[in-house]
Amino acid sequence: MPTRRDFLMQGAMATAAFALPRRSLAAASDVEFLEAQPASIQLAPDGYPETEIWSYGGVMPGPEIRLAQGARLRRRFVNELPQASSVHWHGVRIDNAMEGVAGLTQPAVDPGRNFDYDFVVPDAGTYWYHAHNRSTEQVARGLYGALIVEEPSPTDVDREEVLILDDWLLSPETAQIDPDFTSRHDRSHAGRRGNFIVSNGRHDLAFDVRQNERLRLRLVNAANARIFVLALKGMEGWTVALDGMPLSQTQPLAEPLILGPGQRADVIADVTAAPGETAHLVRIEDQEGVSQAAFRVTGRAADKRREAPEALPANPRMEVTGLEDAKTIRLHMQGGAMGTLDSAFLNGEKKSFRELVDANQFWSFNGTIGMNDTPLVDVANGETVKLQIYNETSFPHAMHLHALHFREISEDGGLGPLRDTILMFGGQTRTIGFVADNPGDWLFHCHMLSHAASGMMTWMKVT
Ligand code: C2O
Ligand code: CU
């Protein structure tokens, strides 16, 4: 039995421990930290000043978190920013309470405070984590990193590279981040698009590779609004996973790969360029190819090419069953510049488009701007949902469903790959289906973050 004296001693020790620097505390208790803090990094080319960013752990991108499928991820999030924040684990089939959506699954973590994230990662794949409070600003300031969940047996590749693609909106004189995160123009048009495009925080990211080497490229689009259209030069590639989830068959990269904000792709790429040449991950812009990352071929890894790669092993629960008796829900997306929205409900009041413009709110889902108390979908755990989405706007939207992967259902009933974000172009109607087998409140929103902040956000309730 501890005596009262022991108890007091413990109290005193706890106080002493609290005063220790955090690092030694970590060593003692095995807590791993994820610290959001301001940092200064050389983002723009040499000769420009450093850029003040918000970072995880002082680096850009944030520290890569890599663990085995089925392992437990634990991080003590420490907020050293001047703003409240939270960490969202994009794409992970997760416990609702650990999902990190400020205002829905947890209160935002105030400056100087902590939050312990602790959950299991059930599915292998390429994910990412990012701030989920005032996301337009916090993600644009640099609060993101890769989350990699490894398959039980290693894939047959020579090496692997994670490439997080982003575009920063920087002042051309000072190289500082444009602080207008609520720009009326960005909100009502294509979103906040940057003028400085990078991979892993570098505009000149380059690797040394060898001919006939096989790479696995894990591509993440962390941009606020930019759609990356990608191709390979000097490499032959196959898409093997989308949004973390393996494709049942590898897909030769014959057409450009389109990655909307929030989306990921795993590409297996064989270096075909000869020693002395440079291969590229190419970004296509206005019909022209620009290097997004360079791969300098410095020698030869093997005399011959390998056989085409095999598909990755499937994750558990990849089937979308029960579509015949699915609950069908419609979602009309309206608004924005050159759109069809005359009026919509904002905070329970009907507003004309003119009034919405004054409120800097532009987008509606089924006539309502932003979140309210009524979920778009209210289902029991295990029910199957079919969601018909009509994009009646003039812009593309990258619609992201939290924690529940879906498959697109084509007109003939065929099922597309399992994904967590669907890129919808203006005027399109698309249908997705998913099994709501994870209880909780889950966001469904546009990952063009200025759009989410000006109306394109709703939620689903699974009970
Ligand atoms: Cu990647 Cu709701 O976010
Ligand atoms: Cu959008």
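**Exercise 1. Work out whether glutamate 160 is buried, partly exposed or exposed, then follow its salt bridge.**

Step 1. Glutamate 160 has a relative accessible area of 25%, so it counts as partly exposed. The cut-offs are these: buried means under 20% relative accessible area, exposed means over 50%, and partly exposed sits in between (1.4 Å probe, protein chains only).

A quick note on ground rules: this is a predicted model, where local features need pLDDT of at least 70, side-chain atom pairs count only at pLDDT 80 or more, and totals for chains, interfaces and linings use all residues. Residues are numbered from 1 along each chain as its sequence is written, chains are lettered from A and ligands numbered from 1 in the order in which they are written, and side-chain values use heavy atoms, with hydrogens and water left out.

Step 2. Now find the partner. Glutamate 160 forms a salt bridge with arginine 218, with 2.6 Å between the closest N and O atoms. The criterion is a side-chain nitrogen of Lys or Arg within 4 Å of a carboxyl oxygen of Asp or Glu.

Step 3. Place both ends. Glutamate 160 is in strand S9 and arginine 218 in strand S12 (residues 214-221), 58 residues apart, so the pair links distant parts of the chain. Strands (E, at least two residues) and helices (H or I, at least four) are DSSP runs, numbered from the N terminus.

Step 4. Check the arginine. At 1% relative accessibility, arginine 218 is buried.

**Exercise 2. Find which residues share a salt-bridge network with aspartate 266.**

Step 1. Start with the direct pair: the side chains of aspartate 266 and arginine 216 form a salt bridge, 2.7 Å from N to O.

Step 2. Locate it. Aspartate 266 belongs to strand S17 (residues 264-271) and arginine 216 to strand S12, 50 residues apart. Both aspartate 266 and arginine 216 are buried.

Step 3. Extend through shared partners. One network results, joining Glu64, Arg66, Glu150, Glu151, Glu160, Arg216, Arg218 and Asp266.

**Exercise 3. Say what the salt bridge of aspartate 158 and arginine 306 ties together.**

Step 1. Get the distance: their side chains meet at 2.5 Å, N to O. A search of the whole structure finds 33 salt bridges.

Step 2. Place the ends. Aspartate 158 lies in the loop between strand S8 (144-150) and strand S9 (159-168), and arginine 306 in the loop between strand S19 (288-300) and strand S20 (327-335), so the pair ties together parts 148 residues apart in sequence.

Step 3. Look at accessibility. Aspartate 158 is partly exposed at 40%, and arginine 306 is partly exposed at 27%.

**Exercise 4. Describe how domain 1 meets domain 3.**

Step 1. Set the bounds: domain 1 (4-150), domain 2 (159-300) and domain 3 (323-462). These come from an automatic or database domain assignment.

Step 2. Count contacts, meaning heavy atoms within 4.5 Å. Here 18 residues of domain 1 are in contact with 18 residues of domain 3.

Step 3. Get the buried area, which is the accessible area (1.4 Å probe) that two parts lose on being put together, summed over both. For this pair it's about 1300 Å², with carbon and sulfur atoms giving 59%. Asn96, Leu104 and Thr136 supply 37% of the area that domain 1 buries against domain 3, more than any other three residues.

Step 4. Sort the interactions. There are zero salt bridges between domain 1 and domain 3, but nine residue pairs in polar contact (both at pLDDT 80 or more). A polar contact is a pair of N or O atoms within 3.5 Å; within protein, one must be able to donate a hydrogen and the other to accept it, and residues adjacent in sequence count only if both atoms are side-chain atoms.

Step 5. Assign elements. Strand S5 (87-90), strand S7 (125-131) and helix H3 (135-140) each give two or more residues to the side of domain 1 that touches domain 3. The largest share, three residues, comes from H3.

**Exercise 5. Pick out the unusual backbone geometry at proline 61, asparagine 212 and methionine 338.**

Step 1. Recall the baseline: most residues other than glycine have a negative phi, and most peptide bonds are trans.

Step 2. Check the peptide bond. From methionine 60 to proline 61 it is cis, with omega near -10°.

Step 3. Check phi. Asparagine 212 has phi near 70° and is buried, at 9%. Methionine 338 has phi near 60° and is exposed, at 63%.
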